[in-house]
Amino acid sequence: MPSQSPIPDILTPRLRLVHATTAHLNAELVGIEYLARELKAEIPPDWPPEHYDSNVINYVINFLQQNPGQAEWSMRFIVLCESGILNLIGGCGFKGQPDEKGVVEIGYGLTPTYQKQGYATEAALALIDYAFTDPRVLTVIAHTLPDHSPSIGVMLRAGMVFETETTEDGLPVVRYGIYRKPFKSNAFVPTSN
């Protein structure tokens, strides 16, 4: 079986969004120090972000194994690149490839130490920018709880607008989206490692 080329990192002014490989994720299941070694990054003491646990890690591993051609539409680690030091500060990514209507969903989360500093917005903008490089993508969406104002703030700062309120896994959620037409690129570009 031919080997696939690696998924490029996405670089922003302060961040590197690193594709989470099965090697990264399996290392993390063994121990956080192994993930640090795989990423060549320091890991904050308050790792992991909220809602990120072994269930999520195993879900992503299974997704990557069952959908090797969709790896770019999966999880990425958010690595802060400042002062020559790499710090793992969160995770983000897509919840699968674009559907038949051209919709792709993003998600993001940061450790408490790195919240409220614009990093989640920067990561969300980078994901949106990356998604719209694919001509199939017409809309990028995100969901959150109706009272989760920090996440809603990220969506609004990323240019998303409220679309609807619905339920997901029995919980009320709000959906925000941004469409290809009014979107203006932030020029966050993929780069080879």
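1. A good place to start is the hairpin of β3 and β4, where two residues lie between the strands. There S83 takes a positive phi near 55 degrees. Please keep in mind as you look that this is a predicted model.

2. The two arms of that hairpin, β3 (residues 75-82) and β4, run antiparallel and are joined by eight bridges. To find your way along the pairing, look for R76, whose bridge partner in β4 is C92.

3. Now follow β4 to its other neighbour. Strand β5 (residues 103-110) pairs with β4 in the antiparallel sense, over five bridges. Here G93 is a handy marker, with G107 as its bridge partner in β5.

4. How enclosed is β4 by the rest of the structure? Strand β4 covers residues 85-94, and eight of its 10 residues are buried, so the strand is largely enclosed.

5. Helix α1 (residues 22-30) is worth a visit next. Its buried residues are H24, L25, A27 and E28. They span an arc of only 160 degrees around the axis, which means that they sit on the same side of α1. As a reminder, an α-helix has 3.6 residues a turn, so residues three or four places apart point the same way.

6. What do the buried residues of α1 pack against? Their partners are two strands, β2 (15-19) and β3, and two helices, α2 (32-39) and α3 (54-66).

7. L29 also belongs to helix α1, but it counts as partly exposed because its relative accessibility is 38%. Leaving aside residues up to four places away in sequence, L29 touches S54, I57, N58 and I61. For one of these, S54, the C-alpha atom is 7.0 Å from that of L29, although the two residues are 25 apart along the chain.

8. Finally, take a look at the largest pocket, which holds about 1,600 Å³ of space. Its lining is made up of 43 residues, and those closest to the centre are E50, H51, G107, Y108 and G109. Elements giving two or more residues to this lining are α3, β4, β5, α4 (119-131), β6 (139-144), α5 (149-157) and β8 (171-179).

9. Which element gives the largest share of that lining? It is β5, with five residues. G107 thus makes a second appearance in this note: the bridge partner of G93 is also among the residues closest to the pocket centre. By residue type, the lining divides into 22 nonpolar, 15 polar and six charged.

Note on methods: Residues numbered from 1 in each chain as written. Predicted model: local features only at pLDDT ≥ 70, side-chain atom pairs only at ≥ 80, totals over all residues. Heavy atoms only, no water. Buried < 20%, exposed > 50% of the residue type's maximum accessible area, 1.4 Å probe, protein only. Helix = DSSP H or I, 4+ residues; strand = E, 2+ residues; numbered from the N terminus. Pairing = 2+ DSSP bridges. Arc of directions from axis to C-beta. Contact = heavy atoms within 4.5 Å. 1 Å grid on protein atoms, 1.4 Å probe; cavity = no way out; pocket = protein on both sides within 12 Å on 5 of 7 lines; lining within 4 Å. Points joined across faces, edges and corners; volume = space filled by probe spheres on them. Nonpolar A, V, L, I, M, F, W, Y, C, P; charged D, E, K, R; others polar.
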